[in-house]
Amino acid sequence: MAERRGKVYMVGAGPGCMGLISAKALHILQHCDCVLYDRLIGKEILNLIGQNAELVYVGKEHKGDVRTQEEINKILIDKTSRHKVVVRLKGGDPMIFGRATEEIKSLIENKIKFEIVPGITAITSAAACAGIILTDRNTASSVTLVTGQTAEGRLTKIDFPSLVKLNGTIVFYMTVENMKLICQKLVKAGMKADTGAIIVANASLANQKIVIGTVSNIAQKCIIEKIQPPAVLIIGKKCTSLLSNQTLFGKKVLMTRDVLGNAEFACKLAARGAQAISCPMFEIEDLTGSKDFKHVVEKIKNYDWVFFTSPTGVKLFFKSLKKLKKDGRVFGCSKIGCIGSETATALNDYGIIPDFIPKNFTSVDMAKEFIKKYKPNGMKILLLRSALAEKLEIKGAVTETAAIYTAKKIESSFSKIDENVDWITFGSSFAVKCFFEKFRPEDIQNRKIASIGPVTTETLKKYSVKPAVEAKEHTIDGLIESMENSK
Ligand code: SAH
């Protein structure tokens, strides 16, 4: 009998931000058995992969060694003898400069079933984040994707005169190293020296940088701005940014949440053309693996009300339910409340529509509003929160608390805050505390401070720091809105 082999999905992960992966790719990642991934696949995407999948890093550099394409092909084939669903995860789209040819050929030769799942390629995310129209019916009837680095590392194969003659938009991938030479060759081939050129590095991610210039000065500007790969270079007659007059465009915004929180925040900032700088001050520690927590889950249906206070808490709770092979029925007839619209959305994602969401998003306001509305005399209430949250009593009720997660300060790799930073953002009191254990208030003078809400603002004041803005809605979207509305 022929050997039963698994199927390979060549999946495009998009540019790296969680929101920019396709629904199909996400579904496959959540249900696959094994994932082979590259260097450009970040933590945010890896975090989406189902808990039982085997993860294999096949970046070209592996612990100092360089993996050959043959080795990668072989690992891919090997994995199909052990797993039913094997994902070959590539950055952007697998069919655009994704070195998919060799791998697909090898799958065909070995008679292994495969399917290609497209992803958002670097240029479409870069164009969105920088607000650049790639084609226009009057000015650019074509867009050409070109590599700035041929297999032999030379540019001799590129037909520059033909590219110029097309008179459309030209996009160079893998461009940083050869940018000066590429631009010189374009001008030599007849392109006007004042043709627009924009570089977008780390599109949609933390440290996104956008540099605007012309084909004759962009290379020099990129040296000044210390542009590093990955970056795409976009060149065209009408290559300008439609976002450049938005408030946060080009602004440097320092984020002080945990790594994943920063990544999610960065994606939203990048879409506005901002440069989000990730300075994680703490990490989240999941506490749902403990015996105590298992016990909480078992008796959860005995409470009249169960409260979730953050999206992180919701996600970790349901992840732990899955591990315990349980589902939403653990709540029995308990009613569910939550603080904040983001927490409500996270609950919705697990099929739960909260019975109570207070108008204001702080714990104290939540308690006040709840007492007024439900008069909870004798009710049993369970608060599922962070171990660091301040004690909260709901008067009249029997209130118990279970810690889902805690946060731990981490050693920041930043020794100082760059003087060009425009905004420093704080999403919690804990982030403020960690930040000022490392930096002094005078280290951040003249930068605008954005606070997510009154509790965080109070903590900032303890360090004599007065925020320029405080979010009206105490969410990351609210924080961004407050910065956008600031003069
Ligand atoms: N398959 C990928 C491209 C891989 S080649 C895709 O479809 O996007 C690697 C090149 O892609 C990098 O050198 C850079 O030019 C570009 N790139 C990848 N991620 C990028 C990002 N986040 N921002 C800008 N360019 C990126």
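Here are a few notes on the ligand site and the disulfide in this structure.

1. Before you start, keep in mind that this is a predicted model. Every number below was computed from it, so to speak, on the screen rather than at the bench.

2. Let's begin with who surrounds the ligand. There are 17 residues around it, and those that come nearest are Asp93, Ile96, Thr121, Met174 and Ala231. Try finding these five in the viewer to get your bearings.

3. What kinds of residues make up that shell? By class, twelve are nonpolar, four are polar and one is charged.

4. Now look at where the shell comes from. Domain 1 (7–120) supplies at least three of its residues, and domain 2 (123–235) also supplies at least three. In other words, both domains contribute to the surroundings of the ligand.

5. Next, check the backbone contacts. A polar backbone atom of Gly91 is 2.9 Å from a nitrogen atom of the ligand. For Ile96, a backbone N or O atom lies 2.7 Å from a ligand nitrogen. Met174 joins in too, with a polar backbone atom 2.7 Å from an oxygen atom of the ligand. Ile96 and Met174 are also among the residues that come nearest to the ligand.

6. How much of the ligand does the protein bury? Taken alone, the ligand exposes 540 Å², and 89% of that is buried by the protein. As for its location, the ligand sits in the second largest pocket.

7. Finally, a word on the cysteines. The structure holds one disulfide, formed by Cys17 and Cys267. Their sulfur atoms are 1.8 Å apart. The angle about the S-S bond is -55 degrees, and the link of Cys17 and Cys267 is left-handed.

Note on methods:
Residues are numbered from 1 along each chain as its sequence is written. This is a predicted model: local features need pLDDT of at least 70, side-chain atom pairs count only at pLDDT 80 or more; totals for chains, interfaces and linings use all residues. Side-chain values use heavy atoms; hydrogens and water are left out. A residue is near a molecule or strand if one of its heavy atoms lies within 4 Å of it. A polar contact is a pair of N or O atoms within 3.5 Å; within protein, one must be able to donate a hydrogen and the other to accept it, and residues adjacent in sequence count only if both atoms are side-chain atoms. Accessible areas come from the Shrake-Rupley method with a 1.4 Å probe; for residues, only the protein chains shown count as cover. On a 1 Å grid over the protein atoms alone, a cavity is a set of points where a 1.4 Å probe fits but cannot get out, and a pocket is an open set with protein on both sides within 12 Å along at least five of seven lines; lining residues have an atom within 4 Å of a point. A molecule sits in a cavity or pocket if more than half of its atoms lie within 2 Å of its grid points. Ala, Val, Leu, Ile, Met, Phe, Trp, Tyr, Cys and Pro count as nonpolar, Asp, Glu, Lys and Arg as charged, and the others, Gly among them, as polar. Domain bounds come from an automatic or database domain assignment. A disulfide is a pair of cysteine sulfur atoms within 2.5 Å.
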